[in-house]
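Student: Could you walk me through how to read some side-chain and helix features in a structure? I would like the general idea each time, and then the case at hand.

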Amino acid sequence: MSGTQSHLEIRRKRSEKTEGIRKRILEESVKLFLEQGYEKTTTRQILQRVGILNGSLYNIYRSKEEIFSDIIMIALAEVAHQAPETDPDYEWSDRLSYVLCMELYISERSPRIAELLSLISQKRAIRDRISDTVMTWHETSEFKDADHPLMILDALTGVNSAFIHRMVSDPEKVDSRKAMEIVVRLVDSLLEHERRDVSAVVDRMERHMSEQSVSICGILII
């Protein structure tokens, strides 16, 4: 093996090792966040669970918030991937509605998830990262051509955040089914769609959701 080949092989192995540690950090962080919440979880606890030194963690993640941000983005991608096929005329609006409604569906069934999702509105860097990702999902979609798409997205995520906050603070006052219908109507209104039967759309989404197992970073949550 030449010197160049040997160097490349060393770099490859180091990269694989780093990715393996990153995966373990995310998995153990999800477990800790679900067990005791975000605020009570410390980087020291994450280090102990993963079995690495402080320097190894900070070579990959600079803070607990960066870890949380990656977890949220992975969860977002997994939920979007699970979205059912839709009427082509409503593909983007239904896919966006599904992601928002899945947040409500999971939050109703897991107070801890509701608590974690409620933190997103308080963390600007994560909100911006979500917005950037959603905006690039369908660059040629109707959403790109809508007036002020970022403002529309902010409005939709703001409504969802308000529902989730209420689920955390006063869960008995939130009917997730009604909340889903409001979200779907709002998506269509902001995208200037003439909506089909909203109740039927939410029925179909709920049936699909009930048939899915939802995991984050390999950790089953519902």
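Tutor: Gladly, and let us start with accessibility. Methionine 151 counts as exposed because its relative accessibility is 57%. The general idea is a set of cut-offs: under 20% relative accessible area is buried, over 50% is exposed, and in between is partly exposed, using a 1.4 Å probe and protein chains only. Methionine 151 is part of helix H9. Helices here are DSSP runs of H or I with at least four residues, numbered from the N terminus.

Student: What should I keep in mind about the model itself?

Tutor: This is a predicted model, so local features need pLDDT of at least 70 and side-chain atom pairs count only at pLDDT 80 or more, while totals for chains, interfaces and linings use all residues. Residues are numbered from 1 along each chain as its sequence is written, and side-chain values use heavy atoms, with hydrogens and water left out.

Student: Which residue is separated from methionine 151 by 10.0 Å, C-alpha to C-alpha?

Tutor: That is leucine 190, 39 residues apart from methionine 151 along the chain. Leucine 190 also brings us to helix packing, as one of the H10 residues in the contact with H9.

Student: How is such a pair of helices described?

Tutor: Two packed helices are described by the angle between their axes and the distance between the axes. The axes are lines fitted to C-alpha atoms, for helices over the stretch in contact, with angles from 0 to 180 degrees between N-to-C directions. Here the axes of H9 (residues 149-169) and H10 come within 10 Å and cross at roughly 170°. That makes H9 roughly antiparallel to H10, a label for angles over 145 degrees (under 35 is roughly parallel, 65 to 115 roughly perpendicular, and the rest oblique).

Student: Which residues make the contact?

Tutor: Contact means heavy atoms within 4.5 Å. On the H9 side, the residues include Ile152, Leu156, Val159 and Phe163. From H10 come Ala179, Ile182, Val183 and Leu186, among others.

Student: How do I read aromatic pairs?

Tutor: Rings of Phe, Tyr and Trp (its six-membered ring) pair if their centres lie within 6.5 Å; planes under 30 degrees apart count as stacked, over 60 as edge-to-face and the rest as tilted. The structure holds three such pairs. In one of them, phenylalanine 33 and tyrosine 38 have ring centres 5.4 Å apart and planes at 50°, so this pair is tilted. Phenylalanine 33 also pairs with phenylalanine 68, edge-to-face, at 5.9 Å centre to centre and 85° between the planes. That second pair links distant parts of the chain, with phenylalanine 33 in helix H1 (residues 3-36) and phenylalanine 68 in helix H4 (residues 64-82), 35 residues apart. Together, ring pairs join Phe33, Tyr38 and Phe68 into a cluster.

Student: Are the residues of this cluster buried or exposed?

Tutor: Phenylalanine 33 and phenylalanine 68 are both buried. Tyrosine 38 counts as buried because its relative accessibility is 5%.

Student: What can sit over a ring like that of tyrosine 38?

Tutor: A charge can: NZ of Lys or CZ of Arg must be within 6 Å of the ring centre and within 35 degrees of the ring normal. The charged end of lysine 64 sits over the tyrosine 38 ring, 4.2 Å from its centre. Elsewhere, arginine 109 lies over the face of tyrosine 105, at 3.5 Å from the ring centre.

Student: How many salt bridges does a search of the whole structure find?

Tutor: It finds 16, a salt bridge being a side-chain nitrogen of Lys or Arg within 4 Å of a carboxyl oxygen of Asp or Glu. Arginine 204 and aspartate 94 form one at 3.6 Å, N to O. Arginine 204 lies in helix H11 (residues 198-210) and aspartate 94 in helix H5 (residues 91-109), so this bridge ties together parts that are 110 residues apart in sequence.

Student: How accessible are those two partners?

Tutor: Arginine 204 is partly exposed at 26% relative accessibility, and aspartate 94 is buried at 4%. Leaving aside neighbours within four places in sequence, aspartate 94 is in contact with Thr86, Arg195, Arg196, Val201 and Arg204.

Student: Which residues are linked in a network of salt bridges?

Tutor: Arg177, Glu181, Arg185, Asp203 and Glu206 are. Within it, aspartate 203 and arginine 177 meet at 2.6 Å, N to O.

Methods
Helix = DSSP H or I, 4+ residues; strand = E, 2+ residues; numbered from the N terminus.
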